Each structure stands twice: as C-alpha cells, then as structure tokens.
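Colleague: Could you take me through one part of this model in some detail? I would like a close look at a single helix and its surroundings, with enough of the overall picture to place it.

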Amino acid sequence: MVLTTPEHSLYAIAVEQFNQAADLIGLEDELRQILSTCKRELTVNFPVEMDDGSIKVFTGYRVHHNLAAGPAKGGIRYHPNVTLDEVKALAMWMTWKCAIMGLPFGGGKGGVRVDPKLLSPGELQNLTRRYTTEISILLGPHQDIPAPDVNTNPQIMAWIMDTYSMHRHGGVSVPAVVTGKPPILGGSAGRLEATGRGVVFAIEEAAKTYAIDLTQARVVIQGFGNAGSTAARLLYELGSRIIAVSDSRGGIYNPNGLDIPAVFAYKQQTGSVVGYPEAERVTNEELLELPCDILIPAALEEQITERNAARIRARLIAEAANGPTTPEADRILFDRGIIVLPDIYANAGGVTVSYFEWVQGLQHFYWTEEEVNSRLRTIMTRAFQAIHATAERYHVQLRTAALALAVQRVAEITRLRGIYP
C-alpha cells in the first residue's frame, strides 16, 4: 500500500533517531559505529518462470542489522517500491524493537521488489521459493527467522518453511525457521492478530497514564489491512467510536462512528472500504487530519511529515506501521503536546508473538490463544512502564525514551560479549 512517495532516506531517519538516543545516554563513539551500521546486506537478483512460459528477473534483499542479542528476526515484504535503504532501516528498527520487548533476537528484514497483486498464485509461489533459495545461506532457526510483513501472509511463510526444509533437512519440517505460519504447520495461536492486538494493549496502557476514556474515544485508522482492521475491531469491542478508516484506494468517514463488522464485511466483498454506504469518502491525506482522540497510522512509512504535522488533531498517535512519522514531524508533535506511541513499541506485538511461536516450534509444545494473549499483554505493559519512566526521567518524547532503553540494552550486550577476535 503506497500512500505517498518517501522523500527521505529511511535509513538516514533510523540513524538520526539512533543518534538522538545515543546522545541522551552518552554512548561512546566505538559503540555508535557498531550499532549505527548493518552487519550484513544481501542483494539477490533471480529469475522466475511465469505462467505464460516467459522469464522475469526480480530483485530481493535480506539484511541483518545486529545479532548481539540473538538470531536475526524480521519480516519479509513484497512491494514494488522495496529498496535496500528501506530494508536496512526496518532491520535497525527491529533490533531496537526486540530489545525494548526483552526478546533474544537481533534485527533483520527482507523484501522483494514486486507487486504481488499482479502475480497468479502459482507465480507467487515460484517467486517465494526461488527467493527463499537465494537467501537460504542466511536462514535457520538459530540464525535468521523471517515472518510476514507487507503483502506476505501465512501461506507465503509455509512455502518458505517448506523450501528451507527441503534444501537443508531432506524434507523434514523445520517449524522454527519462520513464524507467522498456519497453525497446522506449527504457527502460534494468536499470531495473525498479534500486531493489531499489541497496538490496542499499548493504547490501553497509555490511556490509563494519560486519562483517556476509551469508551468515549474517537479513533481514526489509516490502513485497514491485518493490523489496522484488528485494532479497529478490538477498539470497537471496547466501546471506542471508530470514525474513519482507509486502505490504498482511499478512506471513509462517519463522525457518528462506523459499524466495524459491517465495514470489514464490505471490504471482504468488494476489495476496499471505499464505497461503504454509511460514510462519506475522504482521501488518506484528509483522514490523517480529522479531529479525533486516537490516530493509528497502519499503512506505510512517512505519512506524518513536517508538511502535515501541524494539522494533526489527535491527542494520541499509536504507530501500527513502521516509520510513519518523520523526525521533523516528531518534533512538531512533541512541541504541540501530542503523545506518540512509537512503532518500535506500539507494533511490537507481532514480533513478541513470533518469539512465542519460535519457542513453541523449538520445543514442539504449543500454547493456547489465552496463554499467548495474556503473555503478550504482560510484556506490552512492562515495556510501556519502562518507556514512560525513561521519558519522565529525561523529559523526552516516548520514541527517544524507547530508543534510549533499546540502545542501552544492545550496547551493554555488546560490551559484555566483546569484539571477536
């Protein structure tokens, strides 16, 4: 889902955010060099046979930012605008995300430059299996564990797992090599909804701290994919009024509140929320500026920038997407007193339940959905309390506080492990 064309280097943004946190904690120059650099960057160009017999060459990436805390963990996205710069930024953010949540992972990310909507199911499978083969030199349950991201899903994870298993283990299933799989293949209960559920857990914690009544709150959600629609449904069930949602084709708005189950059913039937009869149409840009209590950017990067930050009329922003707010916008929002739950915390429910799935896969011992959701809430609550305490201590925004915590933890692991050889 492309809503705007990014104007900045995402990796430069990630490094700028890192440097702000490093300044805050007084990080030494040697560790700044290590932690601001990606450890490993793999670019692959590979042919895929299409249904008509023609051959097309696609470009893909897999990046490891830092592995001090454990194997690389991070999603794979299929999108026509995927770049190495973007994947590097996302890998770095994954390092901090795992550190904030206390997970034994480093940051990784992958992607293929393709519009999957233009591929048949057979072509999508061929592309996935060939891409997996090309990056398999990095993969493994103790080396690099992919997961779903933009335009990828449990079926694609199943193909990745099968391809890895056929190449490395003679066809014997290796469930711990990917997360976000179908449950019958070792996927975790609760994984599909984990990102959106984690966003709602984060909002619930912030609401307690900042005295927001969720039963009276007006909510706007940009992006009605897996994370956005899950957050919409769960907040609707809590009594919040979801007044606007959108997808890549545009948005819908009803100040009296949308019937979220009906909107979901409409999208399932038509392919988009646009045209839903009980609402007026708005653009994605207009949607961001609607008056509301809670704004959830759940699409792609760089949606809130210095161009529109002064017109945002939300009290709380919860970032379900990765990198939706630029550093310039962050400063404007902070000066205006708007609370931002940063992506590296707010959308960490996905990687947290991926960790649960990885543990279950290694042990071949599976948990109930109630156990998964309870443990996710515990970790989201603990992380928010630590981030909020850090923000209060240093008088900084929550993003800088979260990054400071994460950078401090990864830096300490690096100091203790030392430099090899």
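Modeller: Happy to. Let me start with the whole chain: for 421 residues, a compact globule would have a radius of gyration near 22 Å, and the protein chain has 20 Å, so the two agree. Please keep in mind that this is a predicted model. The C-alpha trace spans about 55 × 55 × 45 Å along its principal axes, and the secondary structure comes to 14 helices and 12 strands. Of the 421 residues, 60% count as buried. Among contacts with a separation of 6 or more, 69% are between residues 24 or more positions apart. The accessible surface comes to about 16,700 Å², and carbon and sulfur atoms account for 51% of that.

The part I would pick is helix H6, residues 194–210. Let us begin just ahead of the helix, with glutamate 193, which sits in the loop between helix H5 (154–168) and helix H6. Glutamate 193 forms a salt bridge with arginine 233, where the closest N and O atoms are 2.5 Å apart. This pair links distant parts of the chain, as arginine 233 belongs to helix H7 (residues 226–238) and lies 40 residues from glutamate 193. Both partners are partly exposed: the relative accessible area is 28% for arginine 233, and the relative accessibility is 23% for glutamate 193.

Within the helix, glutamate 204 pairs with arginine 377 in a salt bridge, with 3.3 Å between the closest N and O atoms. Here too distant parts of the chain are linked, since arginine 377 is in helix H13 (residues 369–394), 173 residues from glutamate 204 in helix H6. Glutamate 204 has 17% relative accessibility and therefore counts as buried, the cut-off being under 20%. Arginine 377, at 33%, counts as partly exposed.

The neighbouring pair stays inside the helix. Glutamate 205 and lysine 208 meet through their side chains in a salt bridge of 3.1 Å, N to O. Both lie in helix H6, 3 residues apart, or about one turn of the helix. Their surroundings contrast: lysine 208 counts as exposed at 62% relative accessibility, whereas glutamate 205 is buried, with a relative accessible area of 6%. Elsewhere, salt bridges that share partners join Arg77, Glu86, Lys109, Asp149 and Glu301 into one network, and the structure holds 24 salt bridges in total.

Now for the nonpolar side of the story. In soluble globular proteins, nonpolar side chains tend to be buried together. In this model the largest nonpolar core has 95 residues, and Ile203 is one of the five that touch the most other members, alongside Trp96, Val245, Ile296 and Leu341. The largest share of this core, 12 residues, comes from helix H3 (residues 84–101). Leaving aside residues up to four places away in sequence, isoleucine 203 touches Leu214, Leu235, Ile294, Ile296, Leu316, Ala318 and Leu341. Apart from this core lies another, of 26 residues, with Tyr78, Trp159, Val174 and Val178 among them.

To bring the stretch together, follow the sequence with me. Isoleucine 203 touches residues such as Leu235 and Leu341, glutamate 204 reaches arginine 377 in helix H13, and glutamate 205 pairs with lysine 208 within helix H6 itself.

Conventions:
Residues numbered from 1 in each chain as written. Predicted model: local features only at pLDDT ≥ 70, side-chain atom pairs only at ≥ 80, totals over all residues. Heavy atoms only, no water. Salt bridge = Lys/Arg side-chain N within 4 Å of Asp/Glu carboxyl O. Helix = DSSP H or I, 4+ residues; strand = E, 2+ residues; numbered from the N terminus. Buried < 20%, exposed > 50% of the residue type's maximum accessible area, 1.4 Å probe, protein only. Core = buried A, V, L, I, M, F, W, Y, C linked by side-chain atoms within 4.5 Å. Contact = heavy atoms within 4.5 Å. Rg over C-alpha atoms; globule rule 2.2 N^0.38 Å. Areas by Shrake-Rupley, 256 points an atom, 1.4 Å probe, with all protein chains shown as cover.
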